[in-house]
Amino acid sequence: MTSPEGSTRFLKRVALDRSQLGEDLASEAARLTWLGACGLPVPEVIAYEIGDGAEHLLLSAIAGRDAAHSGEPALLPAVVDALAAGLRQLHATPSARCPFNHDRASRLALAERRLLHGVVEGDASADRLAGLHVLSASLPAEDLVVTHGDYCLPNVILSVDPPDAGPVFSGYVDCARAGLADRYQDLALVMRSLARNLGPGWTARFAEAYGLDALDEPRLAFYTMLDDFF
């Protein structure tokens, strides 16, 4: 939608009966406000209201386009580098005062609640969730940072300005899952999204641009499987 001044805005709507399942817009608005106060490029919260059995959240737009629609094949290396730059910036945010917790235990508890309420899509099952609990117990201590929670290409905005400079990181959208979590929460989902949106072969470049010498495959697998419940 467009404001009277001509600027683009986005209106999100979620039914109130989803509010206990990790989908409420009030918490997303709170996260966006906190992230913005940290100096991170996120949409501005213009208004939040409850009415007609639903929450409504009105947001400003971030200039650019999402990384899943990033143009010509020749630009893809720059796209991957821009994605890594955006994730480095987010994970470097001072975490001591972050009020939002998405550690493994809380995410597993929410996954179980969503499963019990019948909102999990696909073939996720109670047995698979039990397997995730077992796998979680074998993983190393969490490396907690401020995470996006759903760091996939459609949720990262890139800008090409000037046009001949190549894409650069511009901002984050859909931040409802933002909070303290293991950095592999984001790394796992962006690795999967790179393959889905850009094709195979980009893992090594992203890892190097992000600053990783090697990837922890069990942690990648855990957070990828956990996302099936969300």
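The following exercises, each with a worked solution, concern a predicted model of one protein chain.

Residues are numbered from 1 along each chain as its sequence is written. Local features need pLDDT of at least 70, side-chain atom pairs count only at pLDDT 80 or more, and totals for chains, interfaces and linings use all residues, while side-chain values use heavy atoms, with hydrogens and water left out.

**Exercise 1. The chain as a whole**

Task: Describe the secondary structure and the overall dimensions of the chain.

Solution:
1. The chain has 7 helices and 8 strands. Helices (H or I, at least four residues) and strands (E, at least two) are DSSP runs, numbered from the N terminus.
2. The radius of gyration is 18 Å and the globule rule gives 17 Å for 230 residues, so the chain is as compact as a globular protein of that length. This radius is taken over C-alpha atoms, and the rule is 2.2 Å times the number of residues to the power 0.38.
3. Along the principal axes, the C-alpha atoms fill a box of roughly 50 × 50 × 35 Å.
4. Of contacts (heavy atoms within 4.5 Å) between residues at least 6 apart in sequence, 77% join residues at least 24 apart.

**Exercise 2. The nonpolar core**

Task: State how many residues the largest nonpolar core has, and which helix gives the most to it.

Solution:
1. A nonpolar core is a set of buried Ala, Val, Leu, Ile, Met, Phe, Trp, Tyr and Cys residues joined through side-chain atoms within 4.5 Å. Buried means under 20% relative accessible area, exposed over 50%, and partly exposed in between (1.4 Å probe, protein chains only).
2. By the burial cut-off, 47% of the 230 residues of the chain count as buried.
3. The largest nonpolar core has 55 residues, and Leu35, Leu83, Leu194 and Phe206 have the most contacts inside it.
4. Helix H2 (residues 76-91) gives the most to this core, with 8 residues.
5. Leaving aside residues up to four places away in sequence, the partners of Phe206 include Val80, Leu83, Leu187 and Leu194.

**Exercise 3. Two residues with positive phi**

Task: Locate Asp52 and Asp174, and determine whether each is buried, partly exposed or exposed.

Solution:
1. Most residues other than glycine have a negative phi.
2. Asp52, although not a glycine, has a positive phi of about 55 degrees. Its place is the loop between strand E2 (45-51) and strand E3 (54-60).
3. With a relative accessible area of 77%, Asp52 is exposed.
4. Asp174 also has a positive phi, near 50 degrees, and is found in the loop between strand E7 (168-172) and strand E8 (179-182).
5. Asp174 counts as partly exposed, because its relative accessibility is 38%.

**Exercise 4. Two helix residues**

Task: For Asn197 and Thr224, give the helix, the exposure and the residues touched.

Solution:
1. Asn197 belongs to helix H5 (residues 184-198). Its relative accessibility of 33% makes it partly exposed.
2. Not counting residues up to four places away in sequence, Asn197 touches Ala68, Leu153 and Pro154.
3. From Asn197 to Ser60 the separation is 137 residues in sequence and 25 Å in space, C-alpha to C-alpha.
4. Thr224 lies in helix H7 (residues 217-226) and is partly exposed, with a relative accessible area of 25%.
5. Under the same sequence exclusion of residues up to four places away, Thr224 touches Ala188 and Arg192.
6. Thr224 and Ser106 are 118 residues apart in sequence and 16 Å apart in space, C-alpha to C-alpha.
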